[in-house]
Amino acid sequence: MASPVKLSLEQRFAHQLRLGSDESIEEGATTSTPAVAIPPSRHQELAPHNVRIRNYLKENDVTFCHLDELKEKGWKAAEGDAHFKKQREAADQKDDEQEKVFHRIHLEIGNEMRAFGAFDVVGLEHAHIHALNLCMAPGAYTAAMLKQYPDASVSGITLPVRSGGHKMIIPFGPQDPRVDVKFLDITMLIREYLIEPMSVPNDHPDAANFIMSSPFHGKEFELVLCDGQALRTHERAKYREIMREARRLLAAQLIFGMDRIKQGGTFVVLLHKAEAWDTMCLLKNFCSFAKVALFKPESGHRQRSTFYLVAKDVQSASTEARMFIDGWKRTWTEATFGGEEGTGADPAMPKDAEVDALLHDFGPGLIHLAQGIWSIQANALDRSRWLPGSATSKTRRSSSLQSPVFSETGEPSTPRHPNSVLGARSRRQPSSPDSPGAQFPKHPLTSRSTNQQKYLHPEVDENKLKKMAGRWR
């Protein structure tokens, strides 16, 4: 009998994808090692296309390389399992006290978002605006919007408490006429998400649950915030497992929000893992019709991959935007009605050539955008108590990882928020823009001297970015 073969996590992941088991690589070989229960987020990281992206980033950016090393330590640490399990259990509790804690944390994040300029609308800094907040509860971000725009009106959609959603903490309706909330599952607004009308099969698990109405139809909003994420407490059909539901929810928010945002408005959306294939594609897409920056809060979720895409001057009527909206509709439809059983299918994995093309076109642009958020997460992990060998007693690394920003007078100034500057310089320092890993060119800053941000512009993405991209293929 052949000797047992030990498989790495990456090998096991590839085998489980191909064979559905923990079989060994060599023909006829066996393994006594039990199958590894890989969490969904880790499963995603170990997918071949995401490993390829991570390798590119580790080779080209010291900030991401440091973050990746810390995350690898975290995956191997039993203390990390206990730490995040405790966080998940706390997040899943729906008692009043926990909801208030959750609200307070997001009030602080909302204040950070205001300081970052995430709610600013080009040309409407002090005007009455109409805002749309998707997945609104408990309402902390709506409160932050109203603090910046006291005369604004905010429309929102949020999952009902009876379905596992969060409780609304802020006043709304008769208590505050500025806030109008619809309590429903945004992923079930079927008329919003189909490219062509279709009849729902009677045997579909959600046949009786789809919603035919179109909330806020005909209204336009200068500011749109999409803050939804798939909840473990959400009662839903079995086919809507957590990773597929996350895709359905993100696609639903993007479609609903982009169909209602006013031309030139501001669009903010919660995302995870800037280095993941799906997220990287989304960032590149937004850069084709908006000015894009990334924001990561420091008052909450520091150790996680959570961040926000902030898109300004959104050209929602452009050919590019409409094309991507149709793509998101196909994503929602496939995740809802695809597959042999008609109850949803997962997307096909991209080929190596597709990944290489994305890295060639947008790799330097991603580094330009994401160094700040990677630095914040790395700082938090480096100072965590549960991570073995973490530098809990060391000075924060942000002072050494971030470059100074120059004010309008030309003098160096300290930015209000770490996201407002790039992180560490690239590991490579190529002398030619055409060499591998070439630095992305510097771009204009916004006019906010107290909170300057680096943005990617649509014209840069289409022209300069491709010229400056390294020949990594």
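## A helix enclosed by its surroundings

In this predicted model, helix 10 (residues 277-286) is largely enclosed by the rest of the structure, because 7 of its 10 residues are buried. Those buried residues are Trp277, Thr279, Met280, Leu282, Leu283, Asn285 and Phe286.

### The chain as a whole

The protein chain has 473 residues, of which 52% count as buried, and its secondary structure comes to 14 helices and 9 strands. Among the contacts in the chain with a separation of 6 or more, 73% join residues that are 24 or more positions apart. The accessible surface comes to about 22,200 Å², and 51% of this area belongs to carbon and sulfur atoms.

### The nonpolar cores

Phe286, which is one of the buried residues of helix 10, is also one of the residues that touch the most other members of the largest nonpolar core, a group that also holds Met258, Phe267, Trp328 and Trp374. This core has 67 residues, and helix 12 (residues 352-382) gives the most to it, with 12 residues. If residues up to four places away in sequence are not counted, Met258 touches Phe267, Phe286, Phe289, Val314, Ser316, Ala321, Arg322, Ile325 and Trp328. A second, separate core has 30 residues, including Ala131, Met136, Ile170 and Leu223.

### The sheet

An open sheet is formed by 7 strands in the order 3-2-1-4-5-7-6, and their pairing is mixed. Strand 3 (179-183) and strand 6 (291-295) stand at the edges, each with a single partner strand, so one side of each is left without a neighbour in the sheet. On average, and with direction ignored, neighbouring strands of the sheet are turned by 15° against each other.

Within the sheet order, strand 1 (residues 130-134) and strand 4 (residues 221-226) pair in the parallel sense over 4 bridges, and Ala131 stands opposite Leu223 in strand 4. Both Ala131 and Leu223 are included in the second core. Helix 6 (residues 96-116) lies across strand 4, strand 5 (261-272), strand 6 and strand 7 (306-314), and runs at about 140° to strand 6.

### Two packed helices

Two packed helices are described by the angle between their axes and the distance between the axes. The axes of helix 4 (residues 62-76) and helix 12 come within 9 Å and cross at roughly 35°, and this crossing is left-handed. On the side of helix 4 the contact is made by Thr63, Phe64, His66, Leu67, Leu70 and Lys71, while helix 12 contributes Gln371, Trp374, Ser375, Gln377, Ala378, Leu381 and Asp382. Trp374 therefore appears twice in this account, in the contact between the two helices and among the core residues that touch the most other members.

### Two buried residues

The table sets out two buried residues with their relative accessibility, and the cut-off for buried is under 20%.

| Residue | Helix | Relative accessibility |
|---|---|---|
| Ile190 | helix 8 (residues 190-193) | 3% |
| Asn50 | helix 3 (residues 48-60) | 5% |

Leaving out residues up to four places away in sequence, Ile190 touches Val200, Phe210, Ile211, Met212, Trp332 and Phe337. The C-alpha atoms of Ile190 and Thr336 are separated by 9.9 Å, although these two residues are 146 residues apart along the chain. With the sequence neighbours again left out, Asn50 touches Gln44, Glu45, Glu275, Ala276 and Trp277, and Trp277 leads back to helix 10, where it is one of the buried residues.

Definitions and conventions:
Residues are numbered from 1 along each chain as its sequence is written. This is a predicted model: local features need pLDDT of at least 70, side-chain atom pairs count only at pLDDT 80 or more; totals for chains, interfaces and linings use all residues. Side-chain values use heavy atoms; hydrogens and water are left out. A nonpolar core is a set of buried Ala, Val, Leu, Ile, Met, Phe, Trp, Tyr and Cys residues joined through side-chain atoms within 4.5 Å. Buried means under 20% relative accessible area, exposed over 50%, partly exposed in between (1.4 Å probe, protein chains only). Contact means heavy atoms within 4.5 Å. Two strands pair if DSSP finds at least two bridges between them. Axes are lines fitted to C-alpha atoms, for helices over the stretch in contact, and angles run from 0 to 180 degrees between N-to-C directions. Accessible areas come from the Shrake-Rupley method with a 1.4 Å probe; for residues, only the protein chains shown count as cover. A crossing is left-handed if the near helix is turned anticlockwise from the far one by less than a right angle, and right-handed if clockwise.
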